[in-house]
Amino acid sequence: MSLPALQNTGVIYRRILSQFPQDISLAFAYGSGVFKQHGASQGQMEKNMLDFVFAVDDPVTWHTMNLLQNRRHYSILKILGPTKISSIQNDYGASVYYNTLVPIDGRIIKYGVISTDSLIDDLMHWKTMYVAGRLHKPVKMLVQNENGKLRAALVSNLKSAVMASFLMLPESFTEEELFLQIAGLSYAGDFRMKIGEDKSKVSNIVKDNIHHFRILYSNILRDCPQVVYKPPQGRLEVDKSPEGQFIQLMALPRTLQQRITKLVDLPGKNRDVEEILLQVAQDPDCGAVVHQGLRKTVSYSSKKLMKMWKSWRRKQSVSQIS
């Protein structure tokens, strides 16, 4: 099973992608410049920044080539060279290096570069859930090579989003409620949602894109033994028994399981993960515990990334005269 790619990529995306080194294992565009959000006009959408993520097998080589082609995209950090840029990318924040406010073909874009291995790790384990969280929502897939591990990780990420959402929802719910829960996973604990972002952001993402969410999740929901999925009625019923919740908890990504363990395990007990998750599965507040674990993951990565972005944005204006 492969991640469904949205059709009609469009000339603008192909033109933009053609201006970068082509050794890319996965490329996608996302955000309000790509998908219409509720309440936004077509004119507003076309003015919004286009956001991209490029996964590359060899970041040093890719940045070397991109510095030759697109040196002005980089902040003053370009003087450090491709090896140092790749080191910053891999060792800080969410393993993504962003170039922002880049003018191309009459649009302003932002693009992040992540190593293929780091992307697979985030998709499988939700260490930061930064790129994994973007891929919980519809994206415009531009490039996807035949890397079997990457394809499997993309599907695993979607299944994990479904399981985490099941644990935080009641026994019966609508498709829209599920998609709202999924879309909100990567915003749990994101401090930007408190100080700057539109509080209705998650709802705006989902309302006009229900069809795209179905493309991503319908097969997973039909095949999942934990839920009764009724597409004609747009409703679902999930197993909320302790046994069912234990199965769902055991299917969560490793990092989230570890964060839940730290929240619940008493000092000095040092019980194994399975024992603790069995306890959580029987807790009436199981969903709240899962939500707390998500908040810890997202809060940690969002604060580090915001600190880095502010630093890069300050340096970006200096780089334009270099």
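The protein exposes about 15,000 Å², of which carbon and sulfur atoms supply 52%. These values come from a predicted model. The protein has 322 residues, and 52% of them are buried. Its secondary structure consists of 15 helices and eight strands. Contacts that link distant parts of the sequence are prominent in the count: of those between residues at least 6 apart, 70% join residues at least 24 apart.

Helix H11 shows how one element is placed within this arrangement. H11 comprises 14 residues, and 19 Å separates its first C-alpha from its last, a span close to the 20 Å expected at 1.5 Å a residue. The helix nevertheless bends by about 50° at Tyr217. Tyr217 is also one of the buried residues of H11, a set that further includes Ile210, Phe213, Leu216, Ser218, Ile220 and Leu221. An α-helix has 3.6 residues a turn, so residues three or four places apart point the same way.

The buried residues of H11 pack against both helices and strands. The helical partners are H7 (148-168), H8 (175-184) and H10 (201-207), while the strand partners are E7 (227-230) and E8 (235-238).

His211 lies in the same helix, H11, which covers residues 210-223. Is His211 buried or exposed? His211 counts as exposed because its relative accessibility is 53%, and the cut-off for that class is over 50%. Its C-alpha atom is 9.6 Å from that of Pro138, although the two residues are 73 residues apart along the chain.

Notes
Residues numbered from 1 in each chain as written. Predicted model: local features only at pLDDT ≥ 70, side-chain atom pairs only at ≥ 80, totals over all residues. Heavy atoms only, no water. Helix = DSSP H or I, 4+ residues; strand = E, 2+ residues; numbered from the N terminus. Buried < 20%, exposed > 50% of the residue type's maximum accessible area, 1.4 Å probe, protein only. Contact = heavy atoms within 4.5 Å. Areas by Shrake-Rupley, 256 points an atom, 1.4 Å probe, with all protein chains shown as cover. Expected span 1.5 Å × (residues − 1). Bend = angle between axes of the 7 residues up to and from the residue.
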